[in-house]
Amino acid sequence: MLAARLACRPSAQARAVLARSLSTAAAATEDDANTLRFNPKNSKHTSTLIFLHGLGDHPRSLWTLSNISPPGTRVSCPGAPMRKITINNDEESRAWNDLYSRSRMRDCVEDEEGIFESVARIHALIEEEAQQVPHNRIAIGGMGQGASIAIWAAIHCPHRLAGVVCWQGYCPIVNHRPDADAVLNIPVANRDLPIKSFHGSKDQRLPVSYCVESFEKLRPYGLVVEVDIEDGAKDVISKYQLHSTSKFIAKLLSGEK
């Protein structure tokens with residue numbers, strides 16, 4: 001199975017929303033670091049949403065985020081590097097870290113080096129955005145594998161961010177390390193960080209139970225992840241999830257509690 005086939009994809013309804021929105025999409029620029037930025041139209045840049053694509057995907061698949069974000073929001077979508085994916089017979093794909101097994105069992109080894117490398121890159125991107133807007137006006141999110149990097153980057157960021165929004169998200173590492181507390185070490189300032197993750201109840205690629213188990217490991221630190229499970233949905237992004245994501249982003253970047 002190719003890595004691209006493991007990626008989260010928008011549903012037919014969500015693609016229709018995307019198609020309708022392209023005609024009004026914000027002006028996009030792409031830098032040498034493969035980060036696609038959708039700059040706000042007709043308004044001053046006052047907040048930023050950093051959003052990470054899923055395994056095998058591309059930043060361009062996230063066009064619609066520029067249309068569901070509040071006015072004044074720049075949407076920055078970094079692209080993962082091409083790397084060999086072990087479970088796909090070493091075929092190269094855009095990925096934030098390697099995958100050694102399709103199993104989500106406790107004895108599954110994760111590519112921690114790749115995870116921490118990607119987190120460092122996202123922290124650098126956060127600081128780049130913070131040159132223009134305050135840290136508490138920066139939200140972060142992602143899809144699938146990108147969501148896992150976004151969560152780890154946010155809860156370990158030296159500066160408190162506005163919050164995290166994820167599609168099919170989970171916290172990496174904690175389900176597989178008996179010494180999870182040693183690697184978590186979450187700064188006190190981040191222990192009430194708003195985090196919301198959207199899931200489909202019939203997602204067989206990444207079972208909701210696995211994701212919820214990882215989020216429960218964050219509770220001792222005061223982090224309570226809001227999990228929104230759409231009944232009957234699979235591993236795609238639905239129209240409902242796009243609408244709910246838009247509302248949550250608006251709340252995060254408005255500074256509401």
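Select His 53 to begin: at 0% relative accessibility, this residue counts as buried (buried means under 20% relative accessible area, exposed over 50%, partly exposed in between, with a 1.4 Å probe and protein chains only). You are looking at a predicted model, in which local features need pLDDT of at least 70, side-chain atom pairs count only at pLDDT 80 or more, and totals for chains, interfaces and linings use all residues. Residues are numbered from 1 along each chain as its sequence is written, and side-chain values use heavy atoms, with hydrogens and water left out.

**Stop 1: around His 53**

His 53 sits in the loop between S4 and helix H2 (65-68); helices (H or I, at least four residues) and strands (E, at least two) are DSSP runs, numbered from the N terminus. Now show Ala 80 as well: the side chain of His 53 reaches the backbone nitrogen of Ala 80 at 2.9 Å. Which residues does His 53 touch, not counting those up to four places away in sequence? Contact here means heavy atoms within 4.5 Å, and the set is His 58, Pro 59, Leu 62, Pro 78, Gly 79, Ala 80, Arg 94, Trp 96, Met 143 and Gly 146.

**Stop 2: strand S8**

One of those contacts, Met 143, leads to the next selection, because Met 143 is among the buried residues of S8 and strand S8 covers residues 138-143. All 6 of the 6 residues of S8 are buried, so the strand is largely enclosed by the rest of the structure. Turn the strand to see both faces: Ile 138, Ile 140 and Gly 142 are buried on one side, and Ala 139, Gly 141 and Met 143 are buried on the other.

Next, add the neighbouring strands. Strand S4 (residues 47-52) is joined to S8 by 5 bridges, and the two run parallel; two strands pair if DSSP finds at least two bridges between them. Look for Ile 50, which stands opposite Ile 140 in S8. Strand S9 (residues 163-167) is also joined to S8 by 5 bridges, again in parallel. Here Gly 141 has Val 165 of S9 as its bridge partner. The chain gets from S8 to S9 through H4, and this β-α-β crossover is right-handed: with the strands pointing away from the viewer, the path from the first strand over the helix to the second runs clockwise.

**Stop 3: helix H4**

Select residues 145-155 for helix H4, which is mostly covered, with 11 of its 11 residues buried. Its buried residues include Gln 145, Gly 146, Trp 152 and Ile 155. Gly 146 also appeared at the opening stop, as a contact of His 53.

**Stop 4: two cysteines and a positive phi**

Go to Cys 166, which is buried, with a relative accessible area of 0%. How far is its sulfur from the closest cysteine sulfur? That sulfur belongs to Cys 211 and is 9.7 Å away, too far for a bond. Cys 211 is likewise buried, at a relative accessible area of 0%. With a disulfide taken as a pair of cysteine sulfur atoms within 2.5 Å, the count comes to 0.

Then move to Gln 168, in the loop between S9 and H5. Its phi is near 50°, a positive value in a residue other than glycine. Most residues other than glycine have a negative phi. Gln 168 is buried, with a relative accessible area of 0%.

Asp 90 has a positive phi too, of about 65°, although it is not a glycine. Find Asp 90 in the loop between strand S6 (82-85) and strand S7 (91-94). Is Asp 90 buried, exposed or partly exposed? At 44% relative accessibility, Asp 90 counts as partly exposed.

**Stop 5: S10, H6 and S11**

Select strand S10 (residues 195-200) and strand S11 (residues 225-230), which pair in the parallel sense over 6 bridges. Lys 196 has Glu 226 of S11 as its bridge partner. Add helix H6 (residues 208-216), and you have a right-handed β-α-β unit made of S10, H6 and S11.

**Stop 6: Asn 185**

Asn 185 lies in the loop between helix H5 (180-184) and S10, and at 57% relative accessibility it counts as exposed. Not counting residues up to four places away in sequence, Asn 185 touches His 156 and Tyr 221. Asn 185 and Tyr 221 are 36 residues apart in sequence and 8.9 Å apart in space, C-alpha to C-alpha.

**Last stop: the whole protein**

Zoom out to 7 helices and 12 strands. Buried residues make up 55% of the 257 residues.

Note on methods: A polar contact is a pair of N or O atoms within 3.5 Å; within protein, one must be able to donate a hydrogen and the other to accept it, and residues adjacent in sequence count only if both atoms are side-chain atoms.
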